[in-house]
Amino acid sequence: MILRAPLTRTVGRVLRTQSFKRPSDCRALASAKSNSYNYETGETNGIKFASRDLPGPTTQLVVVARAGTRFQLYPGFAEGLEKFAFKSTHKRSSLRITREAELLGAELFAYHSRENLVIGAKFLREDLPYFTELLGEVISKTKFSRHELHEEVIRIIKLSQKSILANTGEMALNSAHGVAFHRGLGTPLHPTSSTPVTQYLHEKALEKFSRAAYAKPNFAVVANGVSHDELSKWMGEFFNDSPAAPPQDLPPIETKPSKYYGGEERIAHDGGNNMIIAFPGSGAYTGGHYKPEIAVLSSLLGGQSYIKWSPGFSLLARATAAQTQARVSTRNLSYSDAGLLTISLAGNAQHIREASQAVVEILQAISTGDIAKEDIQKAIANAKFRTLEAGQNIGTGLELTGAGLVQSGKASQLDGIADAIDGVKEEAVKKAAGALLEGKATVSSVGDLFVLPFAEEIGLRV
C-alpha cells in the first residue's frame, strides 16, 4: 500500500519552492478579458500553453498533441499511444501512478480524435505541481515496455475492434470520412477488425513515434481553473525533457492539406441501419477555413429537437415528422483545414429511405430561398448557442484550444466565433446550400442495402 505521507511531503516540498523565477524565455502571447471564457496564451521553453482561471476548487490540465489518426505513421499508432498513457515510466510504475492519483482523489484520462491525442487529469487546485510533473513525465519518460504492449495495449485494441463490428453508426461515420477524404482525415478513428495492427505495432516504433508526437512544435498544454502565472511556473520546471524537434530517422508527420473527394460506399449489415449524407463543411475557427454560414445551415437543417414537448423549428424535423422510426441529426465536424457537414439518419430502413429524399428537397428549398426568414433567424440563434456552449464546455474547449495552438498558434476564442455567426446573412446560407447541391456529395449506407437508397435515387451527385 502506498502511504500518503511520502507523497504529500514531496508535493509539499514542491509547493514550498517559492524562490522559482519565471524563465526569461517565457512570454505572453495574448491576454484574455477579465471574467471571460477566452483563454490567456503563452509560451515557455518552446512549448505553447493556455489557461482560463475559472473560479472553483478543481483544475483540469491536458496535453493536446498532433497525434490523432490523421497524423499517425502506421495503423494503430494513435490508439497505441493513447493506451500507453499513464503506463510505467522510467521514474514510476503504472501501479504507483494509479495509487498516487487515488490518494489525491484525482481522475486520469486519455483519448484521441482524428487529429489530436489528449492526455489529461482532473484534480484539486492545490495539486497542480504534482500533476504538471506527472504529465511532463508521461510524454517524455514512458517506458513502452514489450510486456505492457502485448499483454494490455494490443489486447484492449482487439476488444475495441470487435465492438465496432456491431456499431453501424460508427461504421457509417468512418465510411463517410474515408469516402470524403481518402487518407489523412479519412483514416478510421479506431482500427477496423481487418486492420493488421500487430504487423505495425512494435514497442520501439511506438516509442519513436511518441518522440515525434511529443516534440515541442507538436503539442500544447491547456488548463482550466489555474492562474496563468502559476501554470507557466510549473511548466517551466517540469516540461524540460521534450525534444525540440522530431527524430531525424523517423518519417515526418504528414501535414499535407486535406482534399475533399466525395463518392458513395454501401456496407451490408444485419445489426441496424444507418445512412450518412455529407458535404464539404466548415473547418475550425483557428485554421483559416471557418465558414460561419455552415454552422447556421447545420442548425437550419437540424432534425433533432432541443425543446421539450416540441419537434423543433428545424426544417428536417418538420419534413420527417411522418418517419417516426427514423432519427435525423445534422452536425458540422470541423478540423484544422477542412470540415464535413453530416446529415445522419438511423432506424427503420424504409423510413430512412423516405427521410433521405426529404434532405435533398429541403436543401433545394433553402438554395432557392423558399423558406421563412424567421427560420433563418432561429437557426442563427441556435448555431450561436450551440457553438458557444461547446466552447464553454471544459472538455471540448481544452481540445479545441490546444489544437488551435499547435496548428496555427492561436487559441479558439469564443468572442470571435460568436461575432462571425452573428454576421451571417440569409443570402450566404442560400448560397452555401446551392453549392452543396452543385458539388459532389458523400453518401455512406450501412444496413439493409435492398431498401436503403443509392445517392442517385435521391438526386445527389457523387
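Start with lysine 384, which in this predicted model pairs up with aspartate 422 in a salt bridge, their closest N and O atoms sitting 2.9 Å apart. This pair ties together distant parts of the chain: lysine 384 belongs to helix 13 (residues 373-392), aspartate 422 belongs to helix 15 (residues 414-422), and 38 residues separate the two in sequence. How buried or exposed are the partners? Lysine 384 has a relative accessible area of 27%, so it counts as partly exposed. Aspartate 422 is partly exposed too, at 42%.

That bridge is one of 21 salt bridges found when the whole structure is searched. Some of them share partners, and in this way Lys91, Arg92, Arg96, Glu100, Glu133 and Glu137 are joined into one network. The general idea is familiar: side chains of opposite charge can pair when their charged atoms come close.

Zoom in on glutamate 100 within that network. One of its partners is arginine 96, with the closest N and O atoms 2.6 Å apart. Why are these two about one helical turn apart? Because they are four residues apart in helix 3 (residues 94-103). Their surroundings are worth a look as well. Arginine 96 has 32% relative accessibility, so it is classed as partly exposed, while glutamate 100 is buried, with a relative accessible area of just 4%.

Glutamate 100 also forms a salt bridge with arginine 92, and here the closest N and O atoms are 2.9 Å apart. This time both ends of the bridge, arginine 92 and glutamate 100, are buried.

Now leave the charges behind and turn to the nonpolar side chains. As a rule, in soluble globular proteins nonpolar side chains tend to be buried together. In this model, the largest nonpolar core has 49 residues, and the members touching the most other members are Leu61, Leu81, Phe86, Ile119, Phe219, Val221 and Phe239. Which helix supplies the largest share of this core? That would be helix 4 (residues 128-141), which contributes seven residues.

Phenylalanine 239 makes a handy place to look around. Setting aside neighbours within four places in sequence, phenylalanine 239 is in contact with Asn45, Ile47, Val63, Thr132, Leu135, Gly136, Ile139, Phe219 and Val221. Of those contacts, Phe219 and Val221 are also listed with phenylalanine 239 among the core members that touch the most others.

Finally, there is another core, lying apart from that one. This other core has 43 residues, including Ile294, Val328, Ile343 and Ala432.

Note on methods:
Residues are numbered from 1 along each chain as its sequence is written. This is a predicted model: local features need pLDDT of at least 70, side-chain atom pairs count only at pLDDT 80 or more; totals for chains, interfaces and linings use all residues. Side-chain values use heavy atoms; hydrogens and water are left out. A salt bridge is a side-chain nitrogen of Lys or Arg within 4 Å of a carboxyl oxygen of Asp or Glu. Buried means under 20% relative accessible area, exposed over 50%, partly exposed in between (1.4 Å probe, protein chains only). A nonpolar core is a set of buried Ala, Val, Leu, Ile, Met, Phe, Trp, Tyr and Cys residues joined through side-chain atoms within 4.5 Å. Contact means heavy atoms within 4.5 Å.
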